[in-house]
Amino acid sequence: MSQSQQSGPIRPQRVTPTRVGELASSIDAEVIGSPDTTVAGVNLRAQSIVPGELFAALPGTRVHGARFAADAVLAGARAIFTDPAGRALLPTDLPDTVAILVHPDPRSVLGELSSTIYGDPSGALTLIGITGTSGKTTTAFMVESILLAAGRSVGLLGTVATRINGVAQPSSLTTPEAPDLQALFAAMVEQGVDTVVMEVSSHALSLGRVAGSRFDVGAFTNLSQDHLDFHPTMEDYFAAKALLFQPDSTPGGGTPLHARRSVVCVDDAWGARMAQIASSPVTVSTGDTPAQWTAGESVVADDGTQTVRVTSREGDELALTLPVPGRFNVANALVALAITRSVGVAFDAITAGLAAVSVPGRLQRIDEGQQFLAVVDYAHKPAALEAVIATLRAQTAGRIAVVVGAGGDRDTDKRAKMGAAAARGAELVVITDDNPRTEDPAMIRAAVYGGAVDVAARDRPASAEPIRNVGDRAAAITEAVAWARPGDVVLIAGKGHEAGQEINGVKHPFDDRLVVAEALRAAARPGEVATVADAGKLVRRLVADAADAGVGSAHRERGARTWLILGELAPDAGADEQQTVVDHDRLGRLAVRLAVDKILAVGSSRAVRALHQGAVMEGSWGEEAVLALDAEQARDLLRSDPDWQPATGDMVALAGPGAVTGLTAELTAAGLVVLTT
C-alpha cells in the first residue's frame, strides 16, 4: 500500500527572463559562453527542468549534480550553474547556446541567484519567519488565522502544508530548497498574496535555503534537543537559529538574512540569550520572566478550550480564548499576537483569529462518542512529549496512556529520553514503531523501551503498569484504546498530521487520526463479528459493486482488482463448530466462483484455514489465495509483497474480528474502496 508521489513544487506562470551576465555580476560568478543568454527559472532537479530554466548542478552527498547536466540540457535548460569540480564533469559536447556559470561555493549564493531570477519576490511580500524547536507549526497556523481575520491575503509554508489563498499543497520539508522557495514566493505574488508566514528550520538556515529572502519579522519560540544528527552540539543548533536574528547575518554578502523586526519568547534560557542577540526584540513570557507581553493563569474548560488574560507593558489587556489546551500554547499565542501586532493587525482580529484556529495533528481530539479523551499529537522530541503529557495531566483526573516510538535515521540520543518521558508521565506506555525509515524497527523500539523501563517505580504514576512493546502501530493504538476507561486520556504521539509511515524507503499510508477513530469505533461494538451469512452477502455486494464500477477480473482493461480479506466469522444461527468450519470452506469457494481477484484469510483457527483451503481447492490457483496467521502478518504482506499490494482504485471487502476490520483505515487512506458488513 504505497503512496503516490507528491506533485511538484508550485511555480509562477510568468517569469521575466534574466541575462546570465546579470546573474554572474550579482553573485560574482564566472561566465563561460554568452552572457546574453537568458533564463526564466532555476531548478536543482534535471528531471524537472522546464525549457528556458537554469540547471543548478551542485555537489551532492553521493553524486555531483553536474553528471545530470546532459539530461537537463535535453529537457531545455539554457544555462548551468556549478562549481569548478562540476565544470570538469560537464559533457564536452554541450551546445554552444548553453551558458555556464561557475562559482567556488554555488550553494552559498543559490538563494540570491534564485531570488534575482524570480524578481526578488519576497520584497513584494510581508514575510514572517518562525523558528524554534517546538511550536513553529501551531504558531504559524495561529498567525495565519489572525491575518485572515484581519482581511489579509495569506500564504503559509510549513511542516503540515503549503497554502496559497486557501489552496493546500503537501510539503515534504519544513522549508523548501532555495529555488523552489523563491519560485513559490513568486507564485504567491502572482496570486495576490500580500503576507506570508513560514516555518524556518535550522537546516534551512544552515544550508542557505532561505538566503535571498527579505524577512520583515523573525520569531523564536524555544529550543530543546532535536536534530543532533545534523548539529553536533546544542550550541551549534542555537547558532543556526540565531542567523535569523543576528544583525550581521548576511550570508555571501547578499540580502540580509536577519529579520528587520523580531519576537522572542523568553520562557527558557535559550530565549533569553536570543533576546540579547536580536535588535530591539518584542519579548513574550508565560512565566515570571519580565517581558513586553505576559500572560496570566489559564482557565481550562472540560473540552480543553482555555481562556487567558494577557497584558503588555504599555497597558494593553486582552482576554484570549484558545481552542487548544496547554500552557505552551499560551506561549505560542503570545508569539502570534506579538508578530501580528508588529505588522499592524488590530486587537479584535487577533482575538477572533486565535479563537478560530485549528492545527492538524497538534493535540487534535478524536471523538467517536467515547467516554475518554483521545488525542493525536506531533510531539516527537523529549521536551515536547513531556509538555504534552503535563498538559493532559492537568486537565484530567483519570489515567493516561501514551503510544510512542522514535524515528529512524535521526538523532539516536533522544530515543531513550522519549521512553523515559512517557514512563514518568503515563500509567500505560506502549512503545511502537514511528517511521523506522532504513533502520531495524526492533532496534529503535529497544532503545525507547530501555529508556522507559529504566525509570524507577517511585518516579512513575502510582498505578503505572508494565511497559509494553508492540511493533505494529495500529495494534499498539488498539491496545491503548482497549485499556482506557471513562475519564482517562489516550495520547498517540510522534506523527501528528502525517499520513504515511516510512519503512525501508517506502511511505505506506498510515494516519494516526484515522486509525484511532477506527479503533474507537471497533471498541464501541465489542464482540460484534459478522456471521458467515453476513460475509456471504458482503462477497456478493463486492462483486456487484465491482461490476458497476468496471473493477475486477471481468474488467481487466481497468487494471483495478477486487479483494476479500476475512478473519474468523461468527457461526450462523444453529450452526455447531463443525458446521461453521464447513461454512467457512464454502465461503472461500464462493469467492472464487464469483471471480474475486485476491483472497486473504487472516487467522490460525480451523475455520480460517478451511476458508483458505476452500478458495485454493475451488480455483486451483493457490497463488491468488493466501493465509496470514494474524493481522500483523496480513499488514506486512499488504505493505511489502508486490503481488499483494492493493493499488488506488481497487475494491476491498473486510469482515471478521476487530484486528481484521482494523485494517480499514489504512486501506481507505491508500485510496481503496472499502466495504464492510
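UniProt positions are given here in the numbering used for this chain, and its annotations may be inferred rather than shown by experiment. Keep that in mind on this tour of a predicted model.

**Stop 1: an annotated stretch.** Select residues 39-116. The UniProt record, an unreviewed entry, annotates them as "domain: Mur ligase N-terminal catalytic". Colour by secondary structure. Residues 39-116 are 31% helix and 18% strand. Now pick the two end C-alpha atoms of this stretch: they are 11 Å apart.

**Stop 2: a charge over a ring.** Select Phe238 and Arg273. Arg273 lies over the face of the Phe238 ring, 4.4 Å from its centre.

**Stop 3: aromatic pairs.** Rings count as a pair if their centres lie within 6.5 Å. By this rule there are 4 aromatic pairs. Visit two of them.

Select Trp293 and Phe347. Their ring centres are 6.1 Å apart and their planes meet at 70 degrees, so this pair is edge-to-face; the cut-off for that label is over 60. Which elements hold the two rings? Trp293 is in strand β16 (residues 293-300), and Phe347 is in helix α11 (residues 347-356). The pair therefore ties together parts that are 54 residues apart in sequence. Show the surface. Trp293 is buried, at 6% relative accessible area. Phe347 is partly exposed, at 23%.

Next, select Trp563 and Trp644. These rings have centres 5.6 Å apart and planes at 75 degrees, so they are edge-to-face too. Trp563 sits in strand β27 (residues 562-566). Trp644 sits in the loop between α20 (631-640) and β30 (651-655). This pair ties together parts that are 81 residues apart in sequence. Buried or exposed, what is Trp563? Trp563 is buried, with 1% relative accessibility. Trp644 is buried as well, at 4%.

Stay on Trp644 and add Lys598. Lys598 lies over the face of the Trp644 ring, at 4.4 Å from the ring centre.

**Stop 4: a helix and its cover.** Select helix α19, residues 606-619. How far should its 14 residues span? At 1.5 Å a residue, the expected span is 20 Å, and the end C-alpha atoms are 20 Å apart, which agrees.

Now look for the buried residues of α19. Among them are Ala607, Val608, Ala610, Leu611, His612, Ala615 and Val616. In an α-helix there are 3.6 residues a turn, so residues three or four places apart point the same way. Finally, show what covers the buried residues of α19. The cover includes β27, α18 (577-593), β28 (598-602) and β29 (625-628). You have met β27 already: it holds Trp563.

Technical notes
Residues are numbered from 1 along each chain as its sequence is written. This is a predicted model: local features need pLDDT of at least 70, side-chain atom pairs count only at pLDDT 80 or more; totals for chains, interfaces and linings use all residues. Side-chain values use heavy atoms; hydrogens and water are left out. Rings of Phe, Tyr and Trp (its six-membered ring) pair if their centres lie within 6.5 Å; planes under 30 degrees apart count as stacked, over 60 as edge-to-face and the rest as tilted. Helices (H or I, at least four residues) and strands (E, at least two) are DSSP runs, numbered from the N terminus. Buried means under 20% relative accessible area, exposed over 50%, partly exposed in between (1.4 Å probe, protein chains only). A charge sits over a ring if NZ of Lys or CZ of Arg is within 6 Å of the ring centre and within 35 degrees of the ring normal. The expected span of a helix is 1.5 Å times one less than its number of residues. Contact means heavy atoms within 4.5 Å.
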